[in-house]
Amino acid sequence: MLSHLPTLGVGLGFREPFKSDLFLNRQQVDFLEIVAEHYLDASWQKQQELELLAAHFPIIPHAINLSLGSAEGLDTDYLRKLAALIKQLNPPWWSEHICFTKAGGVDIGHLSPLPYTQEAVEVLCRNIAEVRRWIDVPLILENITYMVKLPGAEMTEAQFLAEVVERSDCGLLLDITNLHTNAVNYAYDVHEFLQQLPSDRIVQLHFVGGHWHDGVLIDSHSQSTPVEVWQLMEEVVARVPVKGIILERDENLPPFAELTKELQKARDISRSYGRWG
């Protein structure tokens, strides 16, 4: 089902501060990922920006506040706006997170982890089925980092991710930095974790670097990519014909040349395994 998706290459999560540098270095960026929420109620200027980006790059919408894990169901007004954006861009796929961001009518403002239970799987699958009534573009789901493990787990995180993507028939946006971060903070074997994921579901990767705070690795998107994440990328790309890889830098933005250097390293890894030319 996912093998027919096009190969996009190596790209960037678009951030407005580097817009000028992006167009000056256009040939070094194969595609862009945009934060969908930035364009749902877009001003004329943001709409112009989106049209400019879409005229020069393939665009993947990346949503963060659909709250697929909310037991109370989805915000249909938000879903209607998201569906309109995706229809406008007509991307090969779009993405959201395996989490919840709203509960009891309250917007939490944070990607919050779900309990690893069958009930949570059922909620996600029910909400994803609702999403498909609005959006017929393939959805890929991203693993998140978390600062707390919810009690009552009936399966491991890897088993939970695998069951969600298989049951919902979705692809996986594997954030290898998130995987590394959780593995460090909770002391599990990242290689064993990877073996439990359905590799044929992995469509896209995210990567970046975080920082340490009081002995905890924080997913801050604020540092260059560490060697452990590069090694993880190579391990995944060696096994899986991923369709796209996105550098997702948000904070402490370096000179653009440092970003393109990281893109080139990801491209070299992919080429070394024949993933794209």
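Colleague: How exposed is Ser 199, and how do I read its relative accessible area?

Modeller: The value is compared with cut-offs: under 20% is buried, over 50% is exposed, and partly exposed lies in between. Ser 199 has a relative accessible area of 28%, so Ser 199 is partly exposed. Keep in mind that this is a predicted model.

Colleague: Where does Ser 199 sit, and which residues is Ser 199 in contact with once its neighbours within four places in sequence are left aside?

Modeller: Ser 199 belongs to the loop between helix H7 (190-195) and strand S9. With neighbours within four places in sequence set aside, Ser 199 is in contact with Arg 239 and Val 240.

Colleague: What separates the C-alpha atoms of Ser 199 and Asp 250?

Modeller: A distance of 28 Å, with the two positions 51 residues apart along the chain.

Colleague: Strand S9 follows that loop. How many bridges join S9 to S12, and in which sense do they run, parallel or antiparallel?

Modeller: Strand S9 (residues 202-207) runs parallel to S12, and 4 bridges join them. One residue pair to look for is Phe 207, which stands opposite Leu 247 in S12.

Colleague: Which other strand pairs with S12?

Modeller: Strand S1 (residues 9-13) does, in the parallel sense and over 4 bridges. Here the bridge partner of Gly 9 is Gly 244 in S12.

Colleague: How do I read the two faces of strand S12, covered or open?

Modeller: Sort the residues by the side they are on, then check burial for each side. In S12 (residues 244-247), Gly 244 and Ile 246 are on one side, and Ile 245 and Leu 247 are on the other. All of these are buried, and both faces of the strand are covered.

Colleague: Where do the residues of strand S3 point, and are they buried or exposed?

Modeller: In S3 (residues 59-62), Ile 59 and Pro 61 point one way, while Ile 60 and His 62 point the other way. All are buried. Strand S2 (residues 31-35) runs parallel to S3 and is joined to it by 4 bridges. Within this pair, Glu 33 stands opposite Ile 60.

Colleague: What comes after S2, and what is Glu 37 in contact with there?

Modeller: Glu 37 lies in the loop between S2 and helix H2 (44-56). Its relative accessible area is 21%, so Glu 37 counts as partly exposed. Apart from neighbours within four places in sequence, Glu 37 is in contact with His 62, Ala 63, Ile 64, Asn 65, Leu 66 and Tyr 78. The C-alpha atoms of Glu 37 and Ile 64 are 7.3 Å apart, although 27 residues separate the two along the chain.

Colleague: Now the hairpin of S5 and S6. How many residues are between the strands, and which residue there takes a positive phi?

Modeller: There are 2 residues between the strands, and Gly 104 takes a positive phi near 60 degrees. The strands S5 and S6 pair in the antiparallel sense over 3 bridges, with Ala 103 opposite Val 106. Gly 105 also belongs to the loop between strand S5 (100-103) and strand S6 (106-112). At 73% relative accessibility, Gly 105 is exposed. The C-alpha atoms of Gly 105 and Glu 72 are separated by 8.8 Å, with the two residues 33 apart along the chain.

Colleague: Why look at the sign of phi in residues other than glycine?

Modeller: Because most residues other than glycine have a negative phi. Asn 90 has a positive value, near 50 degrees. Asn 90 is located in the loop between helix H3 (76-89) and strand S4 (94-97), and is exposed at 60% relative accessible area. Asp 169 is not a glycine either, and its phi is positive at about 60 degrees. Its place is the loop between helix H5 (157-168) and strand S8 (171-175), where Asp 169 is partly exposed at 33%.

Colleague: How many helices and strands does the protein have, and how does its radius of gyration relate to the globule rule?

Modeller: The protein has 9 helices and 12 strands. Its radius of gyration is 18 Å, close to the 19 Å from the globule rule for 277 residues, so the protein is as compact as a globular protein of that length. Buried residues make up 53% of the 277 residues. Of the contacts between residues at least 6 apart in sequence, 79% join residues at least 24 apart.

Methods
Residues are numbered from 1 along each chain as its sequence is written. This is a predicted model: local features need pLDDT of at least 70, side-chain atom pairs count only at pLDDT 80 or more; totals for chains, interfaces and linings use all residues. Side-chain values use heavy atoms; hydrogens and water are left out. The radius of gyration is taken over C-alpha atoms; the globule rule is 2.2 Å times the number of residues to the power 0.38. Buried means under 20% relative accessible area, exposed over 50%, partly exposed in between (1.4 Å probe, protein chains only). Contact means heavy atoms within 4.5 Å. Two strands pair if DSSP finds at least two bridges between them.
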